Amino acid sequence: MCRAAGSVTVIGLGPMGRAMVATLRASGAVVTVWNRSPEKAHAMREFGAARADTVAEALDAGEVILVSLTDYAAMYDVLEPAVDHLPGKTIVNLSSDSPEETRAAARWVRARGGRFLAGGVMADGAGVGGADSFIFYSGEREVFDACTEALRPLGRPEYLGVDVGLAQLYYQAVLTIFLSGLLAFEQALAMIERSGEPIERFLPYAQRSMGDMTELYAAVAAMAADTGGWRDIGHLRMMAAGAGHVVETAAAVGVGTGLARAVQDHWLHALSESERADEPVSTFQLLRGGTA
């Protein structure tokens, strides 16, 4: 199926796809590329990649086919005209989508004679192949094992299991933390800036306050697994009050409060549910759906 430094095709040349091409070429792999916009594919000659004129040529050229598109729907649009070239090929879809869409895509590829792995890339374009980069993979174990060395230059492979939806489940879960945290940080910067304080002065305090979150994540995860979250009425009241103060501070300087109010609503909901149940109900219990 696949082998280290073998022939790889990359379909989709956005920032992530281009980074993959550069990294694979640096590892010694023979790389063929295809993109809807031919000029992007032509630009990959800088790294020594060959350009396929059609998707069929791209599929024929590679032992493993890396797909890096906007979503899984784009995969069907691209591959449908060349389905006769799918038998025997290993499609490794590194696009972002939901676990259910991933499972449907795997069925589609397998029904047409191909093999399928799903991946979630835990790095931005600049970090692909770096020391800290890793990629979640899921799908048939024998397919993953056969392709591991060919994929390794892109980042440390982390195999999650035969359920092909697992890679996207884990990827989207991590993305949940990142996207929410990024918006929260931007809200903090907006509050500082609109209050007339320099962002540069605030930054080191923000960095210091976050620090290494490893122990906090471990503690929260342990409570979620063991007791259903932080089930302490005093904690809930303190967090609800703090969230309210964030809303007030942001509103007072004219900063949007949508995100802050959404956070506050979760704590207030936990308090109201605790009163109704006559026992503490954690925000984790509410987020997972239900209070049991």
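1. Residues 8–156. In this predicted model, the stretch from 8 to 156 is 38% helix and 23% strand. The C-alpha atoms at its two ends are 18 Å apart. The range is taken from an unreviewed UniProt entry, whose annotation reads "domain: 6-phosphogluconate dehydrogenase NADP-binding".

2. Largest pocket, size and centre. The space in the largest pocket comes to about 2,400 Å³. Its lining is made up of 49 residues, and those closest to the centre are Ile-177, Ser-180, Gly-181, Met-213 and Tyr-217.

3. Largest pocket, contributing elements. Two or more lining residues come from each of strand S6 (115–122), helix H7 (166–194), helix H8 (199–210), helix H9 (214–227), helix H10 (233–252), helix H11 (258–277) and helix H12 (283–287). Which of these gives the most to the lining? The answer is H7, with 16 residues. By class, the lining holds 36 nonpolar residues, twelve polar residues and one charged residue.

4. Second largest pocket. The volume here is about 340 Å³. There are 18 lining residues, and Met-16, Ser-68, Leu-69, Thr-70 and Ser-95 are the closest to the centre of this pocket. Helix H1 (15–26) and helix H4 (72–79) each provide at least two residues of the lining. The lining divides into ten nonpolar, seven polar and one charged.

5. Salt bridges, count and the link at Arg-103. Side chains of opposite charge can pair when their charged atoms come close. The model has nine salt bridges. In one of them, Asp-163 meets Arg-103 with an N to O distance of 2.9 Å. Asp-163 sits in the loop between strand S8 (156–161) and H7, while Arg-103 belongs to helix H5 (residues 99–111), so this pair ties together parts that are 60 residues apart in sequence. Asp-163 is partly exposed, at 30% relative accessibility, and Arg-103 is partly exposed as well, at 22%. The pair also belongs to a salt-bridge network that links Glu-100, Arg-103 and Asp-163.

6. Salt bridge between Arg-51 and Asp-53. The side chains of Arg-51 and Asp-53 meet at 3.2 Å, N to O. Are the two partners buried, partly exposed or exposed? Arg-51 has 38% relative accessibility and therefore counts as partly exposed. Asp-53, at 52% relative accessibility, counts as exposed, because the cut-off for that class is over 50%.

7. Salt bridge between Arg-152 and Glu-149. This pair has an N to O distance of 2.9 Å. Arg-152 has a relative accessible area of 39% and is partly exposed. Glu-149 is also partly exposed, with a relative accessible area of 42%.

8. Aromatic pairs around Phe-144. Six aromatic pairs are counted in the model. Tyr-137 and Phe-144 form a tilted pair, 5.8 Å from centre to centre and with 45° between the planes. Tyr-137 is buried, with a relative accessible area of 0%, and Phe-144 is buried too, with a relative accessible area of 5%. Phe-144 has a further partner in Tyr-159: their ring centres are 4.8 Å apart and their planes lie at 25°, so that pair is stacked. Phe-144 lies in helix H6 (residues 141–151) and Tyr-159 in strand S8, so the stacked pair ties together parts that are 15 residues apart in sequence.

9. Aromatic cluster. Phe-134, Phe-136 and Tyr-170 make up one aromatic cluster.

10. Phe-202. This residue is found in helix H8, one of the elements that give two or more residues to the lining of the largest pocket. What is the exposure class of Phe-202? At 22% relative accessibility, Phe-202 counts as partly exposed, because buried requires a value under 20%. The C-alpha atoms of Phe-202 and Ala-188 are 9.3 Å apart in space, and the two residues are separated by 14 residues in sequence.

Conventions
Residues numbered from 1 in each chain as written. Predicted model: local features only at pLDDT ≥ 70, side-chain atom pairs only at ≥ 80, totals over all residues. Heavy atoms only, no water. 1 Å grid on protein atoms, 1.4 Å probe; cavity = no way out; pocket = protein on both sides within 12 Å on 5 of 7 lines; lining within 4 Å. Points joined across faces, edges and corners; volume = space filled by probe spheres on them. Helix = DSSP H or I, 4+ residues; strand = E, 2+ residues; numbered from the N terminus. Nonpolar A, V, L, I, M, F, W, Y, C, P; charged D, E, K, R; others polar. Salt bridge = Lys/Arg side-chain N within 4 Å of Asp/Glu carboxyl O. Buried < 20%, exposed > 50% of the residue type's maximum accessible area, 1.4 Å probe, protein only. UniProt positions renumbered as here; feature names shortened; annotations may be inferred. Phe/Tyr/Trp six-rings, centres within 6.5 Å; stacked < 30°, edge-to-face > 60°.
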